[in-house]
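I open a fresh notebook page for this structure. My plan is to look up salt bridges, then strands, a helix, the cysteines and a pocket.

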Amino acid sequence: MNERRGIVLAGGYGTRLYPITLGASKHLLPVYDKPMVYYPISVLMLAGIRKIAVISTPDDLAQYRRLLGDGNQWGLSFTFIEQAVPEGLSQAYVLAKEFLEGAPSALVLGDNLFYGHGLPEILRIANKRTSGGTIFACKVSNPEQFGVVSFDDKGRATAIVEKPPEPKSDYAVTGLYFLDGSAPERAKKIVPSQRGEYEITALLESYRAADKLAVELLGRGFAWLDMGTHGNLLDAGNFVRTLQLRQGTQIACLEEIAYNNGWLPESWPSDHGAFLKNSTYGQYVKSIMGIV
């Protein structure tokens with residue numbers, strides 16, 4: 001059976017962050033001490049996923065190749081897929097069909113940050129579900145701005161609606177989706193919405209209607225941040241800085257996750273140690289690996 005593969009959707013025009021995104025891809029902007037794209041990649045790594053496709057625009061793909069390389073420095077394997085025109089989140093599954101080769105997938109949005117005690121455990125539980133799909137919902141104060149999942153009195157999901165004017169719950173569907181190998185074929189059958197997009201909520205509804213969708217609720221111990229606006233980008237940077245300085249640990253340190261997972265090649269310190277000398281991020285990596 002094929003192991004689950006990861007998809008990071010880092011395309012789009014980044015219009016909510018204009019004019020910053022006139023000169024750089026949104027997902028390469030700094031969130032305190034790391035590029036934004038490190039945060040979603042770290043989520044896939046925590047789930048145990050090593051084969052990852054990065055989907056972005058024709059203009060930006062070269063920057064992702066330069067930043068991430070082939071992924072071997074973290075024990076990963078990256079594939080880069082062009083998205084000429086962004087037409088909705090479900091489009092990612094159609095674009096990635098050849099990469100997935102029928103395997104289950106975990107799609108994470110490139111501007112989403114997840115943090116919380118026990119996160120690796122719930123991710124790995126979702127990874128073990130090879131049939132159907134798993135989504136993660138988080139309580140928010142403004143559900144009308146998100147895709148919303150509603151429940152019956154037994155806690156079962158009854159509907160997933162994109163940005164409803166009158167939400168039936170205050171649980172937003174986060175930008176992380178674990179789906180089985182049927183996702184690309186299901187995505188092909190989706191009809192564009194009134195916005196002209198192939199909505200992810202339509203794809204998730206196809207799983208829910210078939211009673212093949214699990215919903216994991218992220219409680220008070222978890223943080224989910226969308227970094228797609230100026231204010232949210234600043235908030236995310238302050239959140240990361242505060243936690244890291246207070247706790248003395250890193251959020252989304254790819255080297256640390258790879259090291260803990262046993263994915264780093266033995267030659268890693270000699271091959272990459274020189275890059276760690278001058279930054280606090282690098283000093284942290286050296287400390288956890290015992291590099292002098």
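I start with a definition: a salt bridge is a side-chain nitrogen of Lys or Arg within 4 Å of a carboxyl oxygen of Asp or Glu. I also note that this model is predicted.

**Salt bridges**

I counted by that rule and got 13 salt bridges. I then looked at three of them.

My first pair is Glu 162 with Arg 195, whose side chains meet at 4.0 Å, N to O. Glu 162 sits in strand S10, while Arg 195 is in the loop between helix H6 (183-188) and H7, so this contact ties together parts 33 residues apart in sequence. I checked exposure next. Glu 162 is partly exposed, at 25% relative accessible area. Arg 195 is partly exposed too, at 46%.

I noted a network as well. Salt bridges with shared partners connect Arg 16, Lys 26, Asp 111 and Asp 226.

From that network I picked Arg 16 and Asp 111, which form a salt bridge of 3.6 Å, N to O. The two belong to distant parts of the chain, 95 residues apart. Arg 16 is in the loop between strand S1 (5-9) and strand S2 (30-31), and Asp 111 is in the loop between strand S6 (105-109) and S7. Which of the two is buried? I found Asp 111 buried, with 7% relative accessible area. Arg 16 is partly exposed at 43%.

My last pair is Asp 33 with Lys 34, where the closest N and O atoms are 2.6 Å apart. Lys 34 is buried at 2%. Asp 33 is partly exposed at 24%, because buried means under 20%.

**Strands**

I turned to S7, residues 112-116, and found 4 of its 5 residues buried. S7 runs antiparallel to strand S13 (residues 222-226), and 5 bridges join them. In this pairing I saw Gly 116 opposite Phe 222.

Strand S9, residues 147-151, also has 4 of its 5 residues buried. What does S9 pair with? I traced 5 bridges to strand S10 (residues 157-162), in antiparallel arrangement. Ser 150 has Ala 159 of S10 as its bridge partner. The hairpin of S9 and S10 has 5 residues between the strands, and there Gly 155 takes a positive phi near 85°.

**Helix H1**

I looked at H1, residues 38-46, for cover. This helix is largely enclosed by the rest of the structure, because 8 of its 9 residues are buried. Among them I listed Tyr 38, Pro 40, Val 43 and Met 45. Just after H1, Gly 48 has a positive phi of about 90°.

**Cysteines**

How many disulfides are there? My search of the whole structure returned 0. I checked two cysteines for burial. Cys 138 is buried at 9% relative accessibility, and Cys 253 is buried at 2%.

**Largest pocket**

I ended with the largest pocket, which holds about 1,200 Å³ of space. I counted 40 lining residues. Nearest its centre are Arg 16, Leu 89, Leu 109, Asp 111 and Asp 226. Where does the lining come from? Strand S11 (171-179), helix H7 (200-209), S13 and helix H8 (230-247) each give at least two residues. S11 supplies the largest share, with 4 residues. By class I logged 13 nonpolar, 16 polar and 11 charged residues.

Methods:
Residues are numbered from 1 along each chain as its sequence is written. This is a predicted model: local features need pLDDT of at least 70, side-chain atom pairs count only at pLDDT 80 or more; totals for chains, interfaces and linings use all residues. Side-chain values use heavy atoms; hydrogens and water are left out. Buried means under 20% relative accessible area, exposed over 50%, partly exposed in between (1.4 Å probe, protein chains only). Two strands pair if DSSP finds at least two bridges between them. On a 1 Å grid over the protein atoms alone, a cavity is a set of points where a 1.4 Å probe fits but cannot get out, and a pocket is an open set with protein on both sides within 12 Å along at least five of seven lines; lining residues have an atom within 4 Å of a point. Grid points are joined across faces, edges and corners, and a volume is the space filled by probe spheres set on the points. Ala, Val, Leu, Ile, Met, Phe, Trp, Tyr, Cys and Pro count as nonpolar, Asp, Glu, Lys and Arg as charged, and the others, Gly among them, as polar. A disulfide is a pair of cysteine sulfur atoms within 2.5 Å.
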